[in-house]
Amino acid sequence: MVPYLLALAAIALSLSILMAGAWVVQQRSGNSGWVDTIWTFSVGIVGAASALWPLTNGAPNPRQWLVAALVAIWSLRLGVHIAVRTAAISDDPRYAAFAQEWGVHAPRRMFVFLQNQALGSIPLVFAIFVAAHFPGEVMRWRDYFAAFVLLAAIIGEAIADSQLKQFRESPGHHGQVCDVGLWRWSRHPNYFFQWLGWLAYPIIAISPDYGWGWASLLAPAFMYWILVHVTGVPPLEAQMLRSRGDRYRDYQSRTSAFFPLPPR
């Protein structure tokens with residue numbers, strides 16, 4: 001138990017420090033879009049390091065390397081995508097709305113917000129840790145299936161991001177609502193695939209003989225709550241209603257909010 005608790009403490013401290021750095025970057029640049037970029041790379045770096053964290057004197061086993069590679073691929077793909085998007089804007093409208101609401105207390109409130117984000121990221125990285133350290137070095141079919149789920153989620157999210165980018169860049173689509181491809185089936189397919197990828201770690205970790213493995217369920221549960229009820233869907237849809245009005249209301253009336261379903 002002690003090595004797991006030490007790893008948990010190290011994860012918490014690392015995420016807190018990195019998100020404090022994100023606050024410094026946000027304050028100096030004035031572009032809060034870098035917050036999500038740094039968060040993504042932070043989870044990737046701390047997650048990969050925790051996967052390779054030695055619990056014994058031996059070298060990391062194949063499962064540890066697999067989990068570390070998967071979280072690194074996820075982080076690199078998403079982090080680069082957000083970085084490119086952030087470089088093209090002056091500020092993220094979601095965080096800008098928070099700053100406007102907070103007024104003169106915005107710097108302090110943003111620091112607390114990002115530390116809460118670091119706190120909320122602990123279950124995500126700990127899920128990576130417990131999956132990577134599943135007892136036994138022999139790879140199982142579940143490990144390969146989890147890799148398939150995560151890679152499929154990464155590809156699905158990349159497709160959704162690409163479809164949205166192409167729609168926005170096409171002539172005549174200014175002020176329109178993207179409802180093509182995956183966006184016809186879900187108002188937030190990128191968020192859905194983001195959530196789906198976190199199911200990979202419980203697939204690896206959960207076992208009647210591995211008590212710590214059940215902690216991996218916190219990752220998809222927490223990610224769903226964050227995306228659907230906190231910093232994902234609510235502020236983005238509020239911003240879309242302000243900018244698109246009835247067009248977005250019509251889109252809402254016929255399109256699933258999160259899980260891909262046939263349009264109504």
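**Note on an all-helix model**

1. A surface patch of nonpolar character, about 270 Å² in area, is formed by Leu76, Val80 and Val84. The structure is a predicted model. Val80 sits in helix α3. With a relative accessible area of 41%, Val80 counts as partly exposed, because the partly exposed class lies between the 20% limit for buried and the 50% limit for exposed.

2. Next, the overall make-up. The protein has 11 helices and 0 strands. Read from the N terminus, the order of elements is α-α-α-α-α-α-α-α-α-α-α. The radius of gyration is 19 Å, close to the 18 Å that the globule rule gives for 264 residues, so the protein is as compact as a globular protein of that length. Along the principal axes, the C-alpha atoms fill a box of roughly 60 × 45 × 25 Å.

3. Burial and surface come next. Of the 264 residues, 47% count as buried. The accessible surface of the protein is about 13,000 Å², and carbon and sulfur atoms account for 68% of that surface.

4. The contacts can also be sorted by separation in sequence. Taking contacts between residues at least 6 apart in sequence, 78% link residues that are at least 24 apart.

5. Which residues have the most contacts inside the largest nonpolar core? They are Trp74, Trp198 and Tyr201, in a core of 62 residues. Helix α5, residues 106–132, gives the most to this core, contributing 15 residues. A second core, separate from this one, has 9 residues, among them Ala160, Phe167, Trp183 and Tyr251.

6. Trp74 deserves its own point. Once neighbours within four places in sequence are set aside, Trp74 is in contact with Trp39, Thr40, Val43, Gly44, Ile154, Gln194 and Trp198. Of these partners, Trp198 is also listed with Trp74 among the residues with the most contacts inside the largest core.

7. Why is helix α7 described as largely enclosed by the rest of the structure? The helix covers residues 189–197, and 9 of its 9 residues are buried, so the rest of the structure largely encloses it. The buried residues are Pro189, Asn190, Tyr191, Phe192, Phe193, Gln194, Trp195, Leu196 and Gly197. One of them, Gln194, is also a contact of Trp74.

8. What does α7 pack against? Its buried residues pack against α3 (62–87), α4 (93–102), α6 (141–169), α8 (200–205), α9 (218–230) and α10 (233–244). Helix α3, included here, is also the helix that holds Val80.

Definitions and conventions. Residues numbered from 1 in each chain as written. Predicted model: local features only at pLDDT ≥ 70, side-chain atom pairs only at ≥ 80, totals over all residues. Heavy atoms only, no water. Buried < 20%, exposed > 50% of the residue type's maximum accessible area, 1.4 Å probe, protein only. Helix = DSSP H or I, 4+ residues; strand = E, 2+ residues; numbered from the N terminus. Contact = heavy atoms within 4.5 Å. Patch = residues over 30% accessible without salt bridge, like charges linked within 9 Å, V, L, I, M, F, W, Y side chains within 5 Å. Areas by Shrake-Rupley, 256 points an atom, 1.4 Å probe, with all protein chains shown as cover. Salt bridge = Lys/Arg side-chain N within 4 Å of Asp/Glu carboxyl O. Core = buried A, V, L, I, M, F, W, Y, C linked by side-chain atoms within 4.5 Å. Rg over C-alpha atoms; globule rule 2.2 N^0.38 Å.
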